[in-house]
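Got your viewer ready? Load the model and follow along, one selection at a time.

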Amino acid sequence: MNNEYQKSKLLFVDDEAENLLTFKLNLEDDFNILVTTSPKEALTMLANDKSIAMMFVDQVMPEMTGMELAIEAKKVNPDATMVMLTGNATKQLAIESVRSKVFWEFLEKPVDFASPHMKQMIFSGIQEALLQKTNRDYREGAIQLVANLIDDKDGHTHKHSRRVQEWSLKLAKKFNLSDHEMMLVRQGALLHDIGKISIPDDILKKPGRLSALERKIIMTHPGRGGDILDSIPQLAELAPMARYHHERYDGKGYPLGLKGDEIPLLSYIVALADFYEALSSKRPYKDPWSVGEIVKEILSQKDKQFPGRLVDAMMEVIVEEGLFSHEQVQEKEREIKAA
Ligand SMILES: [Fe+2]
Ligand SMILES: [Fe+2]
């Protein structure tokens, strides 16, 4: 048994304490066993202990069903292997548990946990969880690597991709997104400028003003980025964030001149985070703008460059971050109206 296996824990959730004792007695010689009669406590345990590799849930419990618990548990720890363990296995329940896609195995009580077959199954379940985690780590690592290459290539934008990611996530939290969408924002924001890989260095790193042709070449980066990501099936869902991050709500953006709802929400989120990051950073041709100037600029882009609800959400984030007060934002709004 290697180290990862030895560290892995199994969590049993059953409202009958007697059942939990039986699981423990049968398996504790070979595995690290955690037990609880409370689904809510199970969620807390999963959140706090990432070494829980497998969770066995009873279906009928007072607080919530095993199915509901497993669906919530996957949000807390998407890598853990879920096993349904029930005394009343109806055909309906079996169908639902397959459809929910959260269960790896479905077992009918009574289960003989002392049997070699069952131990073998648990080993496979742990292996499955470790494999899921390894896949996730590889993907995140590969995306981070590419983001570093993009930032290195674009000489004047120190850690731009990382900061756009930070602001995109803060903004995304305002929109009630699913975990999957949050994951897309996290990865898509990091890769939004991937198309810059195709722009020649002497244009990208040119210290002075760009010619009209050079500007046109730079403006190919969103489309190029979208194409690069679309060409890889595992990354295609990230493509719209690269392709549309210079589009505008009023249709005056590029490369396609899309407008309004034609631009997806996640693309708007990355676009606004990118805009904020560009204004707040030092570039060869400009100093960082003050928060007041940035707030005023973003507010004045309401329903022009960005939809109003995005601008409002950004103001909430800026206030929550303690960069500017709510009253100061209102003051800027008045200044814009008066102008
Ligand atoms: Fe860009
Ligand atoms: Fe950017």
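**Stop one: a pair of helices**

Start by selecting α8 and α13, which pack at an angle of about 40 degrees with their axes 10 Å apart. Keep in mind as you look around that this is a predicted model. Angles from 35 up to 65 degrees count as oblique, and α8 and α13 are therefore oblique to each other. Now turn the view until one helix lies over the other: α8 passes α13 in a right-handed crossing.

Next, show the side chains where the two meet. On α8, pick E181, L184, V185, G188 and A189; their partners on α13 are L266, I269, V270 and A273. What kinds of residues make up this contact? Seven are nonpolar, one is polar and one is charged.

**Stop two: the largest nonpolar core**

Stay on α13 and select I269, L272 and A273, then add M314: out of the 41 residues in the largest nonpolar core, these four touch the most other members. To see where the core comes from, colour the elements that give it two or more residues: α6 (116-153), α7 (160-172), α8 (179-190), α11 (221-230), α12 (239-243), α13 (265-280), α14 (291-300) and α15 (308-320). Which of them gives the largest share? That's α13, with nine residues.

Zoom in on M314 next. Leaving out residues up to four places away in sequence, M314 touches L171, L272, Y276 and I298.

**Last stop: another core**

Finally, select A42, A53, V83 and I126. They are among the 28 residues of another core, which lies apart from the largest one.

Key
Residues numbered from 1 in each chain as written. Chains lettered and ligands numbered in written order. Predicted model: local features only at pLDDT ≥ 70, side-chain atom pairs only at ≥ 80, totals over all residues. Core = buried A, V, L, I, M, F, W, Y, C linked by C-beta atoms within 7 Å. Buried ≥ 20, exposed ≤ 12 C-beta atoms within 10 Å, placed from the backbone. Helix = DSSP H or I, 4+ residues; strand = E, 2+ residues; numbered from the N terminus. Contact = placed C-beta atoms within 7 Å. Axes fitted to C-alpha atoms, helices over the stretch in contact; angles between N-to-C directions. Parallel < 35°, antiparallel > 145°, perpendicular 65-115°, else oblique. Left-handed = near helix turned anticlockwise from the far one by under 90°. Nonpolar A, V, L, I, M, F, W, Y, C, P; charged D, E, K, R; others polar.
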